[in-house]
Amino acid sequence: MSAVFGTTALLAGNTALANSSSALPTPQPFEAQYRLEIRGWPGATITHTLTNEGLHWLSDMSFSITVARGQESSRFTVDESGTHSLLYNSSYSLFGMGDSYQLNEGDIRSIDRQAALFDLSRRAGTEGCIESSPCDISFVDHRGRDENFQYYVNAPTTARVPAGEFEAKQVTLIDAEKPDRHLLINFHPEWPGLILSAEYQKEGQKQTTITMTQFNPAGGNAP
């Protein structure tokens, strides 16, 4: 179940980019809820918050259904050179049995996957990553192991979800070791980390979908 939650918590990563972050959208706190549908499992609600804690940010995702629950969070900083992981926590339980993990800054060689979600949503579209020339990305999983993916940005689109209709920045992620698996994510272009919808496919079959059902900005105007 932790692997499934890792997918729905978004298999994203950090690129070694030279672009200045000054042109990237400014982080803004929010709370959102998503409808999670996993093939062969009951549906669930994911709660996703991005919170400013002074000198750093906290991104947190959690879900719970009758037989399973999952949670992961990341504290990270954002500066001119990019996004930097400080502390990552993850836990899961299936039928009352599970485990928990923690990675400190020194354990994270690139970036943790929760911070990577935020980072990718900000940077996608600024590096010229297209289907014929995708970008390499990497992150560490909940155990600190390296994961390698490629991604490219599709044409701008409109996402129609229960929370409303939004302009979307659409990104496709491909598992470098398992090219038959990919993740299509619609990010909001002005709210870093905010997912409008996502769909994970394996061997051409839809396995997991996420759709935003509620959005509550913590200050500022709603998108």
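Which residues form one aromatic cluster with W191? The other members are F30 and F215. Keep in mind as you look around that this is a predicted model.

**Aromatic pairs**

Let's stay with the rings for a moment. The count of aromatic pairs comes to four. Two of them are set out here.

| Pair | Distance between ring centres | Angle between planes | Kind of pair |
|---|---|---|---|
| F76 and F118 | 4.9 Å | 40° | tilted |
| W191 and F215 | 5.1 Å | 85° | edge-to-face |

Why is the F76 and F118 pair called tilted? Its planes stand at 40°, and a pair counts as tilted when the angle is neither under 30 degrees nor over 60. With planes at 85°, the W191 and F215 pair is edge-to-face, since that label applies to angles over 60.

Now for where these rings sit. F76 belongs to strand β4, while F118 is part of helix α2, which covers residues 113–123, so this pair ties together parts that are 42 residues apart in sequence. Buried or exposed? Both F76 and F118 are buried.

The other pair also links distant parts of the chain. You'll find W191 in the loop between β11 (181–187) and β12 (195–202), and F215 in strand β13, made of residues 205–217. These two are 24 residues apart, and both W191 and F215 are buried as well.

**Strands β3, β4 and β5**

Strand β4, the home of F76, runs through residues 68–79 and pairs with strand β3, residues 57–64. The sense is antiparallel, and the pairing takes in eight bridges. In this pairing D60 stands opposite S73 in β4. A hairpin joins β3 to β4, and it gets there through three residues.

β4 also pairs with β5, again in the antiparallel sense, over 12 bridges. Here V78 stands opposite T83 in β5. β4 and β5 form a hairpin too, with two residues between them.

If you follow a strand along, there is a simple pattern to look for. In a regular strand the side chains alternate between the two faces of the sheet.

One residue of β5 to pick out is Y92, as the strand spans residues 82–94. Y92 has 21% relative accessibility, so it counts as partly exposed; the cut-off for buried is under 20%. Y92 and R69 are 23 residues apart along the chain, yet their C-alpha atoms are separated by 5.6 Å.

**The disulfide**

How many disulfides does a search of the whole structure find? The search finds one. It is formed by C129 and C135, whose sulfur atoms are 1.7 Å apart. A disulfide is a covalent bond between the sulfur atoms of two cysteines. For C129 and C135, the torsion about the S-S bond is about -80°, so the disulfide is left-handed.

Both ends are tucked away: C129 is buried, with a relative accessible area of 4%, and C135 is buried with 16%.

**D141 and its surroundings**

The last stop is D141, found in the loop between β7 (135–140) and β8 (146–153). With a relative accessibility of 4%, D141 counts as buried. What joins the side chains of D141 and R145? It's a polar contact of 2.8 Å. Leaving aside neighbours within four places in sequence, D141 is in contact with L103, R113 and E147.

Key. Residues are numbered from 1 along each chain as its sequence is written. This is a predicted model: local features need pLDDT of at least 70, side-chain atom pairs count only at pLDDT 80 or more; totals for chains, interfaces and linings use all residues. Side-chain values use heavy atoms; hydrogens and water are left out. Helices (H or I, at least four residues) and strands (E, at least two) are DSSP runs, numbered from the N terminus. Buried means under 20% relative accessible area, exposed over 50%, partly exposed in between (1.4 Å probe, protein chains only). Two strands pair if DSSP finds at least two bridges between them. Rings of Phe, Tyr and Trp (its six-membered ring) pair if their centres lie within 6.5 Å; planes under 30 degrees apart count as stacked, over 60 as edge-to-face and the rest as tilted. A disulfide is a pair of cysteine sulfur atoms within 2.5 Å. A polar contact is a pair of N or O atoms within 3.5 Å; within protein, one must be able to donate a hydrogen and the other to accept it, and residues adjacent in sequence count only if both atoms are side-chain atoms. Contact means heavy atoms within 4.5 Å.
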